[in-house]
Amino acid sequence: MKLKTFLPGDVSGKKVLVRVDLNVPLADGKVTDSTRIAAHLPTLRALKAAGAKVALISHLGRPKGKVDPKYTLAPVGEEMARMTGWKIRFVPDCIGPEVEKAVSEWKDDEFLLLENVRFHPEEEQNDMEFAKSISKNFDVFVMDAFSASHRAHSSTRAIAEVLPSFAGILIVKETEMLSVARDKPQKPFVLILGGAKVSDKIAVVENMMKKVDTILIGGGMAFTFFKAQGREIGKSLCESDKIEFAARMLDEADKHGVKILLPLDVIVADEFKPDSPYLLVSPDEIPSDKMGLDIGPKTVEAFTKVILGSKTVLWNGPMGVFEMPAFSKGTEAIAKALAEATEKGSFTVVGGGDSAAAITQFGYENKVSHVSTGGGASLEFFEGKILPGIEPYDITE
Ligand code: AMP
């Protein structure tokens with residue numbers, strides 16, 4: 001996939017509005033994870049170096065079209081200033097007189113950070129008039145928010161029809177890396193799926209089935225597959241309306257010559273609690289009063305062997321409840337296996353969301369080829385969808 005990006009001449013001396021994703025976690029008014037801020041710095045540095053004046057527009061949380069102080073971007077601006085040493089002027093709205101005033105007083109060495117675009121209901125309606133209002137004070141638009149690119153909103157899609165627009169460095173990097181895995185993977189190619197729900201990953205399985213050699217399934221979603229095989233799963237997660245899909249996938253995999261590996265052993269607990277008593281069992285012996293919360297060591301060994309024997313690895317979804325130390329070992333071991341495979345020369349990609357949080361928690365985030373910043377966006381990318389926030393820049397021949 002090739003995207004239209006900016007050259008210095010496109011932005012030099014221009015007022016550039018950049019759509020970033022500063023939807024970061026906050027606690028007591030402080031940013032607790034600044035990964036998303038850091039991901040945009042290459043684009044912002046390149047724009048500054050080219051002599052652009054840079055303003056930032058983003059959403060934060062789901063304020064549902066109303067001003068809600070809980071979702072102000074002001075503390076995110078403070079964190080960004082602390083991280084970079086840049087002067088960041090916070091503007092308490094993203095359209096109207098507040099923006100006009102800030103733009104009229106805009107100093108060359110100053111970034112403007114506009115208030116949460118989702119304080120306006122028109123944003124999520126992809127409203128063209130609202131896109132025009134956002135654009136009014138700027139010359140050029142740069143779309144850098146990969147993690148919001150699966151949404152057709154005014155600041156991610158409609159605006160591209162109003163201003164001369166380019167893809168930012170983060171989006172270019174994300175699409176390049178994810179395309180390697182999706183469109184031209186070196187074989188053997190293994191897809192690792194986990195997390196809570198089968199339903200979120202159905203379209204990914206369907207699209208990738210034709211391309212992969214092996215699918216490793218862990219996490220909560222494995223239990224729906226066990227159920228499809230007629231096994232008893234006790235109190236483990238199960239999506240009863242997806243059992244048929246799971247059965248069909250097991251069949252289809254056979255037809256396509258794709259191997260699906262399910263856990264060989266599972267850690268089961270009495271309750272969904274960090275200190276719940278637990279034990280290791282075979283998937284054929286899950287007690288009716290227990291729930292599976294992690295994969296066991298035999299599974300880790302089998303999955304690791306496949307990962308280390310692959311040239312391309314795509315991972316989406318934790319292998320267990322990695323937020324609880326007692327049920328995090330399977331996910332940690334798979335993160336480690338990806339790091340080892342990378343060192344041996346494999347191309348390894350971690351889809352965003354919880355798997356990105358997990359690999360970071362275990363300290364392997366810089367030891368794999370790519371960790372995506374987009375959870376929903378990377379899933380939709382692997383579903384083979386054209387993302388509305390990226391489509392305007394696609395110049396693939
Ligand atoms: P997802 O957003 O579908 O990738 O799911 C991620 C969530 O799945 C994480 O919060 C995990 O704690 C959770 N998860 C993983 N394995 C299990 C399991 N066996 N039972 C319940 N939840 C799980």
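The shell of residues around the ligand in this predicted model is a mixed one: seven are nonpolar, five are polar and five are charged. That makes a neighbourhood of 17 residues, and the ones that come nearest to the ligand are A196, K201, G220, G292 and E323.

Two of these names are worth keeping in mind as you turn to the polar contacts. At G220, the backbone does the work of meeting the ligand: one of its polar atoms is 3.1 Å from a ligand nitrogen. With E323, by contrast, look at the side chain, where a polar atom lies 2.5 Å from an oxygen atom of the ligand. D354 also brings in its side chain, with a polar atom 3.3 Å from a ligand oxygen. Around these contacts, the protein covers 83% of the ligand's accessible area, which would be 510 Å² for the ligand on its own.

Where should you look for the ligand on the protein as a whole? Go to the second largest pocket, since that is where the ligand sits.

Now let's step away from the ligand and ask about the cysteines. How many disulfides does a search of the whole structure find? The count is zero. Two cysteines are still worth a visit, as their surroundings can be described by how much of each is accessible. Is C94 buried or exposed? C94 has a relative accessible area of 1%, so it is classed as buried, the cut-off for that being under 20%. C238 has a relative accessible area of 31%, and because this value falls between 20% and 50%, C238 counts as partly exposed.

Key:
Residues numbered from 1 in each chain as written. Predicted model: local features only at pLDDT ≥ 70, side-chain atom pairs only at ≥ 80, totals over all residues. Heavy atoms only, no water. Near = heavy atom within 4 Å. Polar contact = N/O pair within 3.5 Å; in protein donor to acceptor, adjacent residues only side chain to side chain. Areas by Shrake-Rupley, 256 points an atom, 1.4 Å probe, with all protein chains shown as cover. 1 Å grid on protein atoms, 1.4 Å probe; cavity = no way out; pocket = protein on both sides within 12 Å on 5 of 7 lines; lining within 4 Å. Sits in = over half its atoms within 2 Å of the grid points. Nonpolar A, V, L, I, M, F, W, Y, C, P; charged D, E, K, R; others polar. Disulfide = S-S within 2.5 Å. Buried < 20%, exposed > 50% of the residue type's maximum accessible area, 1.4 Å probe, protein only.
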